[in-house]
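This report covers one protein chain, starting with a surface residue and moving on to the fold and the aromatic pairs.

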Amino acid sequence: MRFLLGVLFTVLVAIVGVFAVVSSGLVNVGADQAHNPMMYSFLETARNRSIENASQDIIVPDLTRVDMISSGGADYQDMCAGCHLSPGIEKTDLSEYLYPKPPNFTKTEVVARFSTEAGAQQNFWAIKHGIMASGMPAWGATHDDDRMWAMVAFIRSLPELDESQYTMLTTRFDSDIMDLSMGSGSGSGMGSGMMDMSDDGSGMQH
């Protein structure tokens, strides 16, 4: 009985101590101040286990389809590249000064974890739901699942792209440009090229 009371008293003191420290305002929450290694490991483990648990029942589509990979490029450029970078871009203000630092998706070793089904599930879940206190938005509020899966497919192929390939796959063609190019009537040039790409099913669908 004394042992149990001792444990409860210790827990109570610990809770009061944590509350007192938090209430004092002494905890530094600046993004230019790193967590101590123990706290960082605790938070990283909590994040990883949470995403693994929440994403395990997600059904993964065929992420190797060329049309899916190409259609995710423009959204990646608009929403992800500022933090997760692109070929030829080694850092941005966001990628350098967010804490924790966003993973660099141009690196093969970073993206390799998304090559498995579980990795793809986790990547999709993070894109859809975001991650608290990390700077990662919940894109599911404004994007449907197909668009987010296309981003997953594109991210998996990103380390293999050079700068010119990346530019080609991430260029977003608006309707006016498409109408002009396809309505030229010349049967050659951009209009012909775009029609050929759509005819064989390999064109960019943004």
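## Val 22 and the nonpolar patch

In this predicted model, Val 22 has a relative accessible area of 54%. Val 22 therefore counts as exposed, since the cut-off for that class is over 50%. The residue sits in helix α1, which spans residues 2–24.

Val 22 also belongs to a nonpolar surface patch of about 480 Å². The patch is made by Val 22 together with Val 18, Val 21, Val 27 and Val 29.

## Chain overview

The chain has twelve helices and zero strands. Of its 206 residues, 30% are buried. Among contacts with a separation of 6 or more, 63% are between residues 24 or more positions apart.

The exposed area of the chain is about 13,400 Å², and 60% of this comes from carbon and sulfur atoms.

## Aromatic pairs

The count of aromatic pairs is six. One of them joins Tyr 76 and Tyr 166 edge-to-face, at 6.4 Å centre to centre and with 85 degrees between the planes. This pair links distant parts of the chain: Tyr 76 lies in helix α4 (residues 73–79) and Tyr 166 in helix α10 (residues 163–170), 90 residues apart. Tyr 76 and Tyr 166 are both buried.

Phe 105 and Phe 114 also form an edge-to-face pair, with 5.6 Å centre to centre and 80 degrees between the planes. Both Phe 105 and Phe 114 are buried.

## Aromatic cluster

Tyr 76 and Tyr 166 form one aromatic cluster with Phe 154.

Key: Residues numbered from 1 in each chain as written. Predicted model: local features only at pLDDT ≥ 70, side-chain atom pairs only at ≥ 80, totals over all residues. Heavy atoms only, no water. Helix = DSSP H or I, 4+ residues; strand = E, 2+ residues; numbered from the N terminus. Buried < 20%, exposed > 50% of the residue type's maximum accessible area, 1.4 Å probe, protein only. Contact = heavy atoms within 4.5 Å. Areas by Shrake-Rupley, 256 points an atom, 1.4 Å probe, with all protein chains shown as cover. Patch = residues over 30% accessible without salt bridge, like charges linked within 9 Å, V, L, I, M, F, W, Y side chains within 5 Å. Salt bridge = Lys/Arg side-chain N within 4 Å of Asp/Glu carboxyl O. Phe/Tyr/Trp six-rings, centres within 6.5 Å; stacked < 30°, edge-to-face > 60°.
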